[in-house]
Amino acid sequence: MTDTPPTRSRRPLTLRDVSEASGVSEMTVSRVLRNRGDVSQATRERVLEASKKLGYVPNKIAGALASQRVNLVAVIIPSMSNMVFPEVMTGISEVLENSPLQPVVGITHYRPEQEERVLYEMLSWRPSGVIIAGLEHSEASRAMLENAGIPIVEIMDTDGEPIDSMVGISHRRAGIEMAKEIAKAGYKRIAFLGTKMPLDHRARKRFEGLTDALAKEGIEIADHEFYSGGSGLLKGRELTEMVLKRSPDVDFLYYSNDMIAAGGLLYCLDNGIDVPGQVGLAGFNGIELLDGLNPRLATMDACRREIGNKAAEIIAKCTEDGADHSGQRIELSPRLDVGDTLKR
């Protein structure tokens, strides 16, 4: 004969349950859990201990009916797979962990229609703010952001007009700075290898800055290769092989990110191509994962963690002040590291 396991109650816990367990009024329990009002430390600890033992989770949606907002921050980014946005998320979390706010992530895969769907769902929860990658949005997404009535921070880019606040770098300027270094080093036949073009607007702006600056030096782009797959070492190898076989006189390869640049570097090393003498290479983002690569890749640090920090600080400050917008414009300066793959 076996014992029948106890039947678990499906009734959701309420403030009354915590009130009875802690021996104080429901009003006092509510004050403690919302961190509001004048409650003694001993009572506060008793309520929190009872709440913890019961496993009680407050209904924040019910509270939002009065406040019109929940303590969630919608973070909408294109990807979590390319080593860039996890560091942005780290920066956001570092700031919000010291506040009542919690980030909730939505992924768009660089697709405007997916951004609309994610934004619609997240705004329906009445978050305290939105942190969203990029300045380019569909008409529907822009309308939702403009009428949300909460602080909006567009991140990663400053080449354009924000809806409210923006924190990022100028990708056009990043392309221009890299072009100046390439020209100064004496390279003449430059190819650009880009990912997710043209949906990756930031890569497009770097390409535009690069081509404009090179044109002023009397240099035209010799070749380019765009693709829509994810960024990775294998893709970098494939793109590099395609371009160098098609245009064997190319002497510099500028990649839209470090991971495909690292794949290109490995291809060159495997095929006896002298880097940076015969062919120079540079990537973008300053990925720490590649710090041990030898030779060290030329790249630019895109200030990802700092962008996350500052975006979260704007949302936290607006929440603290009860403000529905900030209007801040913060442009950071990417740092160029010439590494070992660009002639000095």
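User: What makes the crossing of H10 and H11 right-handed?
Analyst: A crossing is right-handed if the near helix is turned clockwise from the far one by less than a right angle, and left-handed if anticlockwise. The crossing of H10 and H11 is right-handed, so by that rule the turn is clockwise. Both helices belong to a predicted model, in which local features need pLDDT of at least 70 and side-chain atom pairs count only at pLDDT 80 or more, while totals for chains, interfaces and linings use all residues. Residues are numbered from 1 along each chain as its sequence is written, and side-chain values use heavy atoms, with hydrogens and water left out.

User: Why are H10 and H11 called oblique to each other?
Analyst: Helix H10 covers residues 233–246 and helix H11 residues 258–270, and they pack at an angle of about 60 degrees with their axes 7 Å apart. Axes are lines fitted to C-alpha atoms, for helices over the stretch in contact, and angles run from 0 to 180 degrees between N-to-C directions. Angles under 35 degrees count as roughly parallel, over 145 as roughly antiparallel, 65 to 115 as roughly perpendicular and the rest as oblique. The value falls in the rest, and H10 and H11 are therefore oblique. The names come from DSSP runs numbered from the N terminus: helices (H or I) have at least four residues and strands (E) at least two.

User: Why are H8 and H9 called oblique?
Analyst: Their axes are 7 Å apart, at an angle of about 40 degrees. That angle belongs to none of the three named ranges, so H8 is oblique to H9. The crossing of H8 and H9 is right-handed.

User: Which residues of H8 meet H9?
Analyst: Among them are His 171, Arg 172, Ala 174 and Gly 175, and the residues on the H9 side include Lys 205, Glu 208 and Leu 210. Contact means heavy atoms within 4.5 Å. The residues of this contact divide into seven nonpolar, three polar and six charged. Here Ala, Val, Leu, Ile, Met, Phe, Trp, Tyr, Cys and Pro count as nonpolar, Asp, Glu, Lys and Arg as charged, and the others, Gly among them, as polar.

User: How do you know that Glu 208 forms a salt bridge with Arg 172?
Analyst: A salt bridge is a side-chain nitrogen of Lys or Arg within 4 Å of a carboxyl oxygen of Asp or Glu. The closest N and O atoms of Glu 208 and Arg 172 are 3.2 Å apart, so the pair meets that rule. Glu 208 is in H9 (residues 201–216) and Arg 172 in H8 (residues 171–184), 36 residues apart. By this rule the count comes to 23 salt bridges.

User: What makes H6 roughly parallel to H7?
Analyst: The axes of H6 (residues 112–123) and H7 (residues 139–146) come within 9 Å and cross at roughly 25 degrees. This lies under the limit for the class, which makes H6 roughly parallel to H7. Their crossing is left-handed. Glu 115, Leu 119 and Tyr 120 are among the H6 residues that meet H7, where Ala 140 and Met 144 are among the partners. This contact has seven nonpolar, one polar and two charged residues.

User: Which peptide bond joining Val 275 and its partner is cis?
Analyst: The bond joins Val 275 to Pro 276, and omega is about 10 degrees. Pro 276 lies in the loop between H11 and strand E9 (280–282).

User: How far can the model be trusted, going by its mean pLDDT?
Analyst: pLDDT is the predictor's confidence in each residue, from 0 to 100. The mean is 90, and 93% of the residues reach 70 or more. Over residues 5–9 the pLDDT is below 50, and this stretch has zero contacts in the model beyond near neighbours in sequence. Where pLDDT is low, the predicted coordinates should not be read in detail.
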